[in-house]
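Work through the exercises below with the model open. Try each task before reading its solution.

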Amino acid sequence: MVPSPKSPRFKRNESHYQNEVLSDTEEEGKRERRKKQLKEIQTEGSRKMLKMQISEQQKKDFEVEFKDAEQNRKLIKAQSLARRWIARRYIKKSEVLAVGRRRNKIIQEVLETERNYVTALENLVNDFVLPISQVTNTKHQILTADEQRTLFPFIEPISSLNKKLLSELHKIYYGREIGYLSIVFLEMIPYMKLYIDYVANFNTALNLFQALLQNKSSPFNSFLKKIECTVKFPKETLQSYLIMPVQRIPRYTLLMRDLVNHTDASHKDYPNLISVYEQINRTAEVINEKTREAENREMCNKISRHLIHDKKEFSLVAAHRKFIKEGILKLVNVERGKEKEEKVINPVLCVD
């Protein structure tokens, strides 16, 4: 039998049912809340895990980037060192090539100047020395034998010496013979003493040449005009030819010094080049000393011509005597009651 809705029993049952429904609803709400909380926890955990994963990935990426940067830095440093090494090697190679080019240029200059010098000596011998000597002691005589010996001392031996020197140099640099420039010079240097005697006599030869030129109507002047008007000698004169042997040894000294400075110490020719330079330099020093002695003798001769002792000429020339100085000396004589008297003399100082 179903209780009536108005009966107390029905009301109790309805209240109990409502309480049960309410409790079920609360349980459901709690479950929902727990699910939500659990979901939030899971979401937060996932987020943290994701963050951790991201940070780990970033860390790995940073490590990779750091390693790449370190490798790049090492690579750049290695490239820089390599470029520096290549540049130094290139510069060194360029310097070696430049020195080699300069050395070859000096050798070519030696050959070229020697060729021009030998040509000038041949012109001097063929066009001046030989024509003058061929008419000696004839009615067409230009110079006496003594004048020829004074004006052209050792010209022919010097010409023969330098022809030989040029020939040997050509054999090495233009022929098939193997050798070095220094070897040729070492063989020829002992014969270069001819230059010492030539230079010692040069001032005497020059004075004779000037004296011969003063006589305008002499056969010598006529001969010079005839020769120097030819097409072969548009610029050169006899005096310019005569001074060439005087200038040659100093020129050798400069060329050899330049060649030594541009030859590597490891070069096979270097020791011999040093020897050539030293020997030619000694020859040049001897020539300079002989030149000073010749100038000294000439000055003593010049002074002697103006000295008279007991109405006779007095000679200052002696092997041991040297000219020191010439100048103007003013003597002043002052006495009381008299005017000042001055004398100007030209003293010469010589020593024995």
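## Exercise 1: A buried asparagine

Asparagine 221 touches Leu212, Leu213, Asn215 and Lys216, leaving out residues up to four places away in sequence. Contact here means heavy atoms within 4.5 Å. This is a predicted model: local features need pLDDT of at least 70, side-chain atom pairs count only at pLDDT 80 or more, and totals for chains, interfaces and linings use all residues. Residues are numbered from 1 along each chain as its sequence is written, and side-chain values use heavy atoms, with hydrogens and water left out.

**Task.** Is asparagine 221 buried or exposed, and which backbone oxygen does its side chain reach?

**Solution.**
- Step 1: locate the residue. Asparagine 221 is in helix 6, residues 219–228. Helices (H or I, at least four residues) and strands (E, at least two) are DSSP runs, numbered from the N terminus.
- Step 2: check the cover. Asparagine 221 is buried, because its relative accessible area is 7%. Buried means under 20% relative accessible area, exposed over 50%, partly exposed in between (1.4 Å probe, protein chains only).
- Step 3: follow the side chain. It reaches the backbone oxygen of leucine 213 at 3.2 Å.

## Exercise 2: Salt bridges between helices

**Task.** How many salt bridges does a search of the whole structure find? Which parts of the chain does the pair of arginine 248 and glutamate 114 link?

**Solution.**
- Step 1: set the criterion. A salt bridge is a side-chain nitrogen of Lys or Arg within 4 Å of a carboxyl oxygen of Asp or Glu.
- Step 2: count. The search returns 9 salt bridges.
- Step 3: take arginine 248 and glutamate 114. Their closest N and O atoms are 2.8 Å apart. The pair links distant parts of the chain: arginine 248 sits in helix 7 (residues 238–261) and glutamate 114 in helix 1, 134 residues apart. Both arginine 248 and glutamate 114 are buried.
- Step 4: take lysine 163 and glutamate 122. Their salt bridge has its closest N and O atoms 3.7 Å apart. Lysine 163 lies in helix 3 (residues 155–173) and glutamate 122 in helix 1, so the pair ties together parts 41 residues apart in sequence. Lysine 163 is partly exposed at 40% relative accessible area. Glutamate 122 is partly exposed too, at 29%.

## Exercise 3: A salt bridge within one helix

**Task.** Why are aspartate 146 and arginine 149 separated by about one helical turn?

**Solution.**
- Step 1: confirm the pair. The side chains of aspartate 146 and arginine 149 form a salt bridge at 2.1 Å, N to O.
- Step 2: count along the helix. The two are 3 residues apart in helix 2 (residues 145–151), so about one helical turn separates them.
- Step 3: check the surface. Arginine 149 counts as exposed, because its relative accessibility is 53%.
- Step 4: look for shared partners. Salt bridges join Lys164, Glu168 and Lys171 into one network.

## Exercise 4: The whole chain

**Task.** What pattern does the protein follow along the sequence, and what percentage of its 352 residues count as buried?

**Solution.**
- Step 1: list the elements. There are 8 helices and 6 strands. Their pattern is α-α-α-α-α-α-α-α-β-β-β-β-β-β.
- Step 2: read the burial. Of the 352 residues, 26% are buried.
- Step 3: sort the contacts. Among those between residues at least 6 apart in sequence, 66% join residues at least 24 apart.

Key
A polar contact is a pair of N or O atoms within 3.5 Å; within protein, one must be able to donate a hydrogen and the other to accept it, and residues adjacent in sequence count only if both atoms are side-chain atoms.
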